[in-house]
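Welcome! Here is a short briefing to help you find your way around this structure. Have a look at it first, and then read on topic by topic.

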Amino acid sequence: MKNMNIEILKGIPVFSQLKQQDIEKISKISIERSLKKGTIIFMEGDPGEAFYFIKSGKVKVYKTTLDGREHIFTILSAGGVFAEVALFNDIAYPASAEVIEDAEIGMIKNKDLEDLIRTNAEIALEIIKVFSKKLFNSQQKVKELALGDTYMRIAKNLITFGKEHGTKTPDGVEIKLNISRQELANMIGTARETVSRALSQFKKEGAIDIEGKKITIKNMEKLKDWIQ
């Protein structure tokens, strides 16, 4: 394993505002791993010994219910940070993480980072800012699950996918994310049939086009109408 290079660390939100010398300190404790699609990075219940960030590829963070169903919390790509919930806490990972597209993953062991920030308040402050924002986003998601309209949540996820995983084409924004209707339903917290009905409605309105698992956003404004 080798240390992540400094330029990659600068592109990670949790470290992007740090000074050059601080980035260099973090690079010395960062470890890079090359992982194939299907690799389980950690399982729910494993000791929370490190947090991770993505250089390339995609990772899904999910939880398995007692009856065996999978609930996807998020899908992350380059620059994404995950498993930070275990940082500064002696707890097990509350969810599982799996590589869904061959990935280069950076890992920072909690103990190594804790030792570093004890002598650097600026690093600690920047990490607190990023984690606070992620906590707010998580709280918003819980609120939407409890109160939001299902079609609104599906439209909002498609818009997010378009921004984070989309490619502009002559036909619109093609979402480069190979997930099934069931996986999308698991992520939103609804039934697969509901997702299918919503996608059919969006297609009928001309907001999207569907070809197998491929979804292309043809009219972003029509899709946004569902979340206003």
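## Getting your bearings

UniProt, in an unreviewed entry, lists residues 14-134 as "domain: Cyclic nucleotide-binding". What you are looking at is a predicted model, so please read the values below as computed from that model. In it, the span of residues 14-134 is 25% helix and 39% strand, and its end C-alpha atoms lie 11 Å apart.

**Two domains and the contact between them**

- The domain assignment of the protein gives domain 1 as residues 6-119 and domain 2 as residues 142-225.
- Measuring from one C-alpha centre to the other, domain 1 and domain 2 lie 27 Å apart.
- Seven residues from domain 1 and nine residues from domain 2 take part in the contact.
- The size of an interface is often given as the accessible area lost when the parts come together.
- Here, domain 1 and domain 2 bury about 750 Å² between them, and 58% of that area is on carbon and sulfur atoms.
- Three residues to pick out on the domain 1 side are His-71, Ile-72 and Ile-75, which supply 57% of the area that domain 1 buries against domain 2. That is more than any other three residues.

**Aromatic rings**

- There are seven aromatic pairs in the structure.
- One of them joins Tyr-52 and Phe-82, whose rings are stacked, with 5.3 Å from centre to centre and 15° between the planes.
- Tyr-52 belongs to strand β3 (residues 50-64) and Phe-82 to strand β5 (residues 81-82), so this pair ties together parts that are 30 residues apart in sequence.
- Tyr-52 and Phe-82 are both buried.
- Tyr-52 and Phe-82 also belong to one aromatic cluster, together with Phe-42 and Tyr-93.
- A ring can have a charged partner too: the charged end of Lys-60 sits over the ring of Tyr-62, 5.1 Å from its centre.

**A lysine in strand β3**

- Lys-58 lies in strand β3. Is Lys-58 buried or exposed? With a relative accessibility of 12%, Lys-58 counts as buried, because the cut-off for buried is under 20%.
- Leaving aside neighbours within four places in sequence, the contacts of Lys-58 include Leu-76, Ser-77, Glu-98 and Glu-101. Also among them are His-165, Lys-176 and Leu-177.

**The loop between β5 and β6**

- Ala-83 is found in the loop between β5 and β6 (96-109), where it has a positive phi of about 75° although it is not a glycine.
- At 11% relative accessibility, Ala-83 counts as buried.
- Ala-86 is found in the loop between β5 and β6 as well, and it counts as buried at 0% relative accessibility.
- Which residues does Ala-86 touch, not counting those up to four places away in sequence? They are Gly-48, Ile-91, Tyr-93 and Asn-110.
- From C-alpha to C-alpha, Ala-86 and Gly-48 are 5.2 Å apart in space, with their places 38 residues apart in sequence.
- Tyr-93, one of the residues that Ala-86 touches, is also a member of the aromatic cluster.

**Helices α1, α2 and α4**

- Lys-10 is found in helix α1 (residues 6-10), and at 31% relative accessibility it counts as partly exposed.
- Beyond neighbours within four places in sequence, Lys-10 is in contact with Ser-16, Gln-20 and Ile-23.
- Lys-10 and Ile-23 are 13 residues apart in sequence, and their C-alpha atoms are 7.0 Å apart in space.
- Gln-21 is found in helix α2 (residues 20-27) and is partly exposed, with a relative accessible area of 42%.
- The C-alpha atoms of Gln-21 and Lys-10 are separated by 11 Å, and the two residues are eleven residues apart along the chain.
- Ile-123 is found in helix α4 (residues 121-147). Its relative accessibility is 0%, and Ile-123 counts as buried.
- Not counting residues up to four places away in sequence, Ile-123 touches Leu-18, Asp-22, Ile-26, Leu-116 and Ile-117.
- Ile-123 and Ile-26 are 97 residues apart along the chain, yet their C-alpha atoms are separated by 9.4 Å.

Definitions and conventions: Residues are numbered from 1 along each chain as its sequence is written. This is a predicted model: local features need pLDDT of at least 70, side-chain atom pairs count only at pLDDT 80 or more; totals for chains, interfaces and linings use all residues. Side-chain values use heavy atoms; hydrogens and water are left out. Rings of Phe, Tyr and Trp (its six-membered ring) pair if their centres lie within 6.5 Å; planes under 30 degrees apart count as stacked, over 60 as edge-to-face and the rest as tilted. Helices (H or I, at least four residues) and strands (E, at least two) are DSSP runs, numbered from the N terminus. Buried means under 20% relative accessible area, exposed over 50%, partly exposed in between (1.4 Å probe, protein chains only). A charge sits over a ring if NZ of Lys or CZ of Arg is within 6 Å of the ring centre and within 35 degrees of the ring normal. UniProt positions are given in the numbering used here, feature names are shortened, and annotations may be inferred rather than shown by experiment. Domain bounds come from an automatic or database domain assignment. Contact means heavy atoms within 4.5 Å. Buried area is the accessible area (1.4 Å probe) that two parts lose on being put together, summed over both.
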